[in-house]
Amino acid sequence: MARHTTEDDWDDDDEPSWDDSGDDSDDDTIPCPYCRREIHEDAERCPYCERYLSDEDAPATRKPWWVIVGAILCLYAMLRWMIG
């Protein structure tokens, strides 16, 4: 038979005690070097200004269009030279 619990059955001693004096490494924050707002210490990118915090974390930038066009022209010239 199931026992019906009431509020009196719960004792304050059963509740876990939370100690705030421990190491809260999840809550460590630093100021963003760009917008100076508080962000998590382990963040790769600021959630406010959306800038990457280091060059290693930033995605690779696209090559300038003239580099791509130059490479295509060089390949075309080599192909024309090889064909005759």
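Start by selecting helix 1, residues 65-83. At 1.5 Å a residue, its 19 residues should span 27 Å, and the C-alpha atoms at its two ends are indeed 27 Å apart, so expectation and model agree. Keep in mind as you go that this is a predicted model. Just past the helix, click on glycine 84: this residue follows helix 1 and has a positive phi, near 140°.

Now go back to the beginning of the helix and pick tryptophan 65, which belongs to helix 1. Is tryptophan 65 buried or exposed? With 65% relative accessibility, tryptophan 65 counts as exposed. Add Trp66, Val67, Val69 and Leu73 to the selection and switch on a surface: together with Trp65 they form a nonpolar patch there, with about 570 Å² of accessible area between them.

Zoom out for a moment and colour by secondary structure. The protein has one helix and two strands, and along the sequence they come in the order β-β-α. How much of the protein is buried? Buried residues account for 5% of its 84 residues. The protein exposes about 8500 Å², of which carbon and sulfur atoms supply 53%. If you display contacts, take those with a separation of 6 or more: residues 24 or more positions apart make up 0% of them.

Next, select the loop between strand 1 (29-31) and strand 2, and find arginine 36 in it. Arginine 36 is not a glycine, yet its phi is positive, at about 65°. The residue is exposed, with a relative accessible area of 55%.

Step back one residue to cysteine 35 and show the sulfur atoms. How many disulfides does a search of the whole structure find? The search returns zero. Cysteine 35 is in no disulfide, and the nearest cysteine sulfur, that of cysteine 46, lies 3.6 Å away. Since a disulfide calls for two cysteine sulfur atoms within 2.5 Å, that distance of 3.6 Å does not qualify. Cysteine 49 has a matching entry on the list: the sulfur of cysteine 46 is its nearest cysteine sulfur, 3.6 Å away, and cysteine 49 is in no disulfide. As for accessibility, cysteine 35 is partly exposed at 28%, and cysteine 49 is partly exposed at 27%.

Move on to the loop between strand 2 (38-40) and helix 1, where glutamate 44 sits. Glutamate 44 counts as partly exposed, at 48% relative accessibility. Which residues does glutamate 44 touch, leaving aside those up to four places away in sequence? They are Tyr52, Leu53 and Asp57. Draw a distance from the C-alpha atom of glutamate 44 to that of serine 54: the two residues are 10 apart along the chain, and the separation is 7.5 Å.

Finish with the charged side chains. A search of the whole structure finds one salt bridge. Select arginine 45 and glutamate 50 to see it: their side chains meet at 3.9 Å, N to O. Arginine 45 is partly exposed, with a relative accessible area of 37%. Glutamate 50 is also found in the loop between strand 2 and helix 1. Check the backbone of glutamate 50 before you leave: its phi is near 60°, a positive value in a residue other than glycine.

Notes
Residues numbered from 1 in each chain as written. Predicted model: local features only at pLDDT ≥ 70, side-chain atom pairs only at ≥ 80, totals over all residues. Heavy atoms only, no water. Buried < 20%, exposed > 50% of the residue type's maximum accessible area, 1.4 Å probe, protein only. Helix = DSSP H or I, 4+ residues; strand = E, 2+ residues; numbered from the N terminus. Contact = heavy atoms within 4.5 Å. Areas by Shrake-Rupley, 256 points an atom, 1.4 Å probe, with all protein chains shown as cover. Salt bridge = Lys/Arg side-chain N within 4 Å of Asp/Glu carboxyl O. Patch = residues over 30% accessible without salt bridge, like charges linked within 9 Å, V, L, I, M, F, W, Y side chains within 5 Å. Expected span 1.5 Å × (residues − 1).
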